[in-house]
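Morning, everyone. I have one structure to walk through today, and I'll keep it short. Please look at the model first.

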Amino acid sequence: MGNINHRIRERSLAAILAISALLVVGTLAGATPANALADPGTGSISGTITQDIKGVVTPSTASGITVFTGEGQRYAGYAQVDGNGHYSVGSLAAGSYVLYFGAGSSATISEFYDNATSFASAQRVVVAAGKATAGIDAVLEAGSTVTGKVTATQAGSTQPIANVSVTATDSTAPSSQYQSWSYYAQTDSAGEYSLTGLAAGTYKIRFVSSDSGVVSKWYTDSIDFTSATTVTVGAQSTLPGIDVNLQAAGAISGTVTQTLGGVPKVAQSYVDVYSAESGDYVTGAPTKLDGSYSIGSLMAGTYKVGFVGYDSNSGLVPEYFDNASTLASAKPLTVGVASTVANIDAELSDVPLPTNVTRLSGSDRFETSSAISAATFDPGVSVAYVASGSNFPDALSVAPVGGKDKAPVLLVPSGFIPAPIQAELTRLKPQRIVVLGSAASVSDTVFTALQGFTTGTVTRTAGTDRFATSAAVSAIAFSPEVPVVYIANGYNFPDALSAAPVAGKSGAAVLLVPADRIPAVIQDELTRLKPGRVVVLGGFDSVSESVATALQGYTTGTVTRIAGGDRFATSAAISQSAFDPGVPVVYVANGFNFPDALSVAPVAGIDKAPVLLVPEGWIPAAIQAELTRLKPGRIVVLGGPTSVSSAVAQQLDAFAVAP
């Protein structure tokens with residue numbers, strides 16, 4: 001089953017870039033961030049980064065410097081370079097550290113100090129208590145470049161093709177991990193591309209078109225990573241002429257059904273295609289609402305197909321065509337040039353979850369929202385909050401309020417109330433309903449229809465933008481002199497999402513800001529709230545240090561920051577700041593998708609339970625460390641297996657400590 005459970009999906013560039021970043025910081029556990037308020041007993045590391053491009057040395061445009069503890073490889077701090085290439089990382093306890101210099105310029109190569117290629121080989125930097133360690137400099141060397149042109153042949157005509165994704169992967173990487181590519185480019189309107197900043201070495205290059213009518217393939221003409229041609233790149237060199245032509249593609253199609261509790265129905269599932277010869281993952285796609293699928297972009301060749309469902313509360317047993325339990329035993333399929341192999345069908349059935357792990361999910365975000373509410377709230381709740389399921393800010397602001405009021409947050413589209421939400425509102429019989437956001441988020445039609453589900457009032461809380469809505473929600477829920485206010489980035493959801501149960505547990509507000517300023521409406525709300533202290537969520541990219549400094553003017557207490565090297569490590573750090581070992585339950589949600597976790601945030605606040613974020617297919621080291629520390633009695637997974645895979649659900653059982 002491992003090949004399906006660890007399948008590799010075609011993802012958007014943003015998601016892939018996030019996953020690539022995890023290769024550097026994915027093993028981090030929570031640690032005191034470098035940008036926390038300075039402690040006189042802590043030290044610092046500073047230096048200058050330059051870049052050497054063809055003998056011309058200039059201040060580096062590096063994206064930043066990440067600091068790890070020297071032995072445990074735990075995140076310890078982060079800093080960005082200024083216009084002169086200078087950096088300084090403070091608030092470091094006495095000890096040994098490793099520095100990673102991330103190349104912001106695509107023309108240079110990232111490195112560890114001092115000119116090392118790995119954490120293990122990096123030179124350690126010793127920091128003494130209360131002392132500044134200066135002169136930790138680096139020169140980022142120019143990388144190499146691979147260039148080429150991509151054409152496509154369709155209907156007898158060969159033309160350049162734009163927007164083809166081109167990636168280069170270390171040729172020595174295991175084929176099952178080829179998604180961890182290091183370099184990325186896209187073709188322009190002339191079909192040309194340039195992969196820059198490559199370290200000397202050997203690579204395999206992949207070309208993926210968004211046009212399913214032409215093939216996606218590995219250079220030179222290969223179905224999979226294993227058989228792809230290896231390209232050797234020298235130091236500070238240019239390798240031209242890595243050209244390909246994408247021919248007309250074949251396809252595989254079929255329908256997936258499922259049987260749950262003996263009841264057959266259409267299955268919404270994911271279909272994976274593998275190379276029959278090597279077993280390498282090739283591509284995949286979800287089924288449509290009617291259970292059908294069609295996967296194109298396939299070169300002529302022999303394939304095997306796997307199926308995994310994602311819409312049941314208990315999950316479904318993955319399988320391979322034709323009713324095989326392993327990839328090795330799957331029936332191979334031969335796809336010809338520009339031909340479709342049809343009727344590759346499957347029927348999936350139940351898979352039991354581990355004893356201490358449960359899953360709350362539905363066929364979509366709205367049904368999942370309903371399922372989470374139904375599992376938690378009895379009829380007659382004092383209030384039900386209704387927010388947009390297509391955008392996160394409004395629901396994010398109300399999540400801690402839901403925990404405080406012991407009230408559900410139900411998600412709807414803008415223009416109608418889905419049947420599962422109608423059924424849940426009918427069951428809940430809320431005494432009143434509060435709609436979050438403007439009519440653009442939840443329409444007046446929905447607002448009016450909601451009156452049929454309560455004998456009380458239906459009101460709307462909204463502002464002119466996400467920040468004003470955040471302030472408005474806080475204003476109706478919190479009185480002055482709240483113990484703490486959490487500040488999070490209003491354009492990204494993970495940090496505030498992890499903080500929602502903490503805020504609900506402690507009666508605290510969550511206010512949203514841009515990265516670089518405090519909007520006037522948030523300033524006014526902070527002035528009204530008079531918080532005992534302020535906690536900033538996320539690193540400098542999320543909320544700048546200038547904003548953190550300005551926040552000191554709104555509290556007589558401290559302004560601190562909770563951050564990790566990525567969204568997963570930050571969720572672990574937030575949990576660690578608020579929860580002691582032995583929590584009764586931990587909620588686990590996908591860190592790249594907001595709806596499932598938004599609905600559970602008030603529930604987690606009521607249960608005094610953390611929400612930890614994971615990718616779909618694995619558990620980051622920081623999350624493993626926090627689960628080990630928490631020793632939860634049980635774990636609840638949110639969303640179906642396409643949100644948090646069946647493999648992850650099985651692995652989570654090892655962290656539950658049954659009472």
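One term before we start: partly exposed means a relative accessible area between the buried limit, under 20%, and the exposed limit, over 50%. Arg528, at 27%, is therefore partly exposed. Keep in mind that this is a predicted model.

Let's stay with Arg528 and go to the salt bridges. Side chains of opposite charge can pair when their charged atoms come close. The count here is six salt bridges. I'll show three of them.

Arg528 pairs with Glu525, and their closest N and O atoms are 2.6 Å apart. Both sit in helix α9, residues 520-529. They are three residues apart there, so about one helical turn separates them. Is Glu525 buried or exposed? Its relative accessibility is 5%, so Glu525 counts as buried. Its partner Arg528 is partly exposed.

Next is helix α5, residues 419-428. Here the side chains of Arg427 and Glu424 meet in a salt bridge, 2.7 Å from N to O. These two are three residues apart in the helix, so again the separation is about one helical turn. Arg427 has 27% relative accessibility and counts as partly exposed. Glu424 is buried, at 3%.

In the third salt bridge, Lys217 pairs with Asp221. The closest N and O atoms are 2.9 Å apart. Which way does the burial go for the lysine, buried or exposed? Lys217 has a relative accessible area of 2%, so it is buried. Asp221 is partly exposed, at 44%.

Now the aromatic rings. A pair of aromatic rings is described by the distance of the centres and the angle of the planes. The model has eleven aromatic pairs. One of them is Tyr293 with Phe307. The centres are 6.3 Å apart, and the planes make an angle of 70 degrees. Why is that pair called edge-to-face? Because planes over 60 degrees apart count as edge-to-face.

Where do the two rings sit in the chain? Tyr293 is in strand β25, residues 292-298. Phe307 is in strand β26, residues 301-309. They are 14 residues apart, and the pair links distant parts of the chain. Tyr293 is buried, with 4% relative accessibility. Phe307 is buried as well, at 0%.

There is also an aromatic cluster. Its members are Tyr87, Phe101 and Tyr113.

Two rings have a charge over them. The charged end of Arg124 sits over the ring of Phe119, 4.9 Å from the ring centre. On Phe225, the charged end belongs to Lys204, and the distance to the ring centre is 4.7 Å.

On to the backbone. Most residues other than glycine have a negative phi, and most peptide bonds are trans. Here are some exceptions.

Tyr113, from the aromatic cluster, is joined to Asp114 by a cis peptide bond. Omega there is about 0 degrees. Asp114 lies in the loop between β7 (111-112) and β8 (125-127).

Another cis peptide bond joins Phe321 and Asp322, with omega about 5 degrees. Where is Asp322? Look in the loop between β27 (319-320) and β28 (333-335).

Then the positive phi values. Ala155 is not a glycine, yet its phi is positive, about 50 degrees. Ala155 is in the loop between β11 (144-154) and β12 (157-160). At a relative accessible area of 88%, Ala155 is exposed.

Gln236 also has a positive phi, near 45 degrees, and is a residue other than glycine. Its loop runs between β18 (231-233) and β19 (238-239). Gln236 counts as partly exposed, at 47% relative accessibility.

One last residue, Ser388. Ser388 is in strand β32, residues 384-388. What does Ser388 contact, leaving aside neighbours within four places in sequence? The contacts are Leu411, Val412, Ser441 and Val442. Its relative accessible area is 6%, so Ser388 is buried.

To recap the salt bridges: Glu525, Glu424 and Lys217 are the buried partners I showed. Arg528, Arg427 and Asp221 are partly exposed. Thanks, that's my slot.

Definitions and conventions:
Residues numbered from 1 in each chain as written. Predicted model: local features only at pLDDT ≥ 70, side-chain atom pairs only at ≥ 80, totals over all residues. Heavy atoms only, no water. Phe/Tyr/Trp six-rings, centres within 6.5 Å; stacked < 30°, edge-to-face > 60°. Helix = DSSP H or I, 4+ residues; strand = E, 2+ residues; numbered from the N terminus. Buried < 20%, exposed > 50% of the residue type's maximum accessible area, 1.4 Å probe, protein only. Lys NZ or Arg CZ within 6 Å of the ring centre and 35° of its normal. Contact = heavy atoms within 4.5 Å. Salt bridge = Lys/Arg side-chain N within 4 Å of Asp/Glu carboxyl O.
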